[in-house]
Amino acid sequence: MYDEGYIVLNSDTKSQLNYYNQIASNIDLVFANNDLAGLLDYNQLSDTWGLDHYPIEILFDIEVEPYRKLTNRVTNRNTD
């Protein structure tokens, strides 16, 4: 991953619960390339929803402008 320019964003989380005398571990990793890493943030949620992992919420700090069609006019100017 390093050779391709990706970094781990959540190296400080422990996402798997400590069940059956196992050590809590981080097996749910969030990778991003260097261009996107500054635009992303993550949050480990505290509610497991009954699973053995804490969910990870990934937040994007970008604005998306919706596509707007310029006109609905039909023309036959270029037809023969």
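**Reading surface and core in a predicted model**

Author: The protein exposes about 7300 Å², and carbon and sulfur atoms supply 50% of that area. Keep in mind that this model is predicted.

Reader: What share of the 80 residues is buried?

Author: Buried means under 20% relative accessible area. In this protein, 19% of the 80 residues are buried.

Reader: Which residues make up the largest nonpolar core?

Author: A core joins buried nonpolar residues through their side-chain atoms. Here the largest one has 6 residues: Leu-9, Val-30, Ala-32, Ala-37, Leu-40 and Tyr-42.

Reader: Take Ala-37. What is it in contact with, leaving aside neighbours within four places in sequence?

Author: Ala-37 is in contact with Ile-7, Leu-9 and Ala-32. Leu-9 and Ala-32 also belong to the largest nonpolar core.

Reader: Now the fold. How many helices and strands are there?

Author: The protein has 1 helix and 4 strands. Along the sequence, the pattern runs β-β-α-β-β. Helix H1 covers residues 34-37.

Reader: How are contacts spread along the sequence?

Author: Take contacts between residues at least 6 apart in sequence. Of these, 43% join residues at least 24 apart.

Reader: Back to the surface. Which residues form a nonpolar patch there?

Author: Leu-36, Leu-39, Ile-58, Phe-60, Ile-62 and Val-64 form one. Together they have about 580 Å² of accessible area.

Reader: Why does Leu-36 count as partly exposed?

Author: Partly exposed lies between the 20% and 50% cut-offs. Leu-36 counts as partly exposed because its relative accessibility is 41%. Leu-36 sits in helix H1.

Technical notes: Residues are numbered from 1 along each chain as its sequence is written. This is a predicted model: local features need pLDDT of at least 70, side-chain atom pairs count only at pLDDT 80 or more; totals for chains, interfaces and linings use all residues. Side-chain values use heavy atoms; hydrogens and water are left out. Patches are made of residues with over 30% relative accessible area and no salt bridge: like charges are joined within 9 Å, nonpolar side chains (Val, Leu, Ile, Met, Phe, Trp, Tyr) within 5 Å. Accessible areas come from the Shrake-Rupley method with a 1.4 Å probe; for residues, only the protein chains shown count as cover. A salt bridge is a side-chain nitrogen of Lys or Arg within 4 Å of a carboxyl oxygen of Asp or Glu. Helices (H or I, at least four residues) and strands (E, at least two) are DSSP runs, numbered from the N terminus. Buried means under 20% relative accessible area, exposed over 50%, partly exposed in between (1.4 Å probe, protein chains only). Contact means heavy atoms within 4.5 Å. A nonpolar core is a set of buried Ala, Val, Leu, Ile, Met, Phe, Trp, Tyr and Cys residues joined through side-chain atoms within 4.5 Å.
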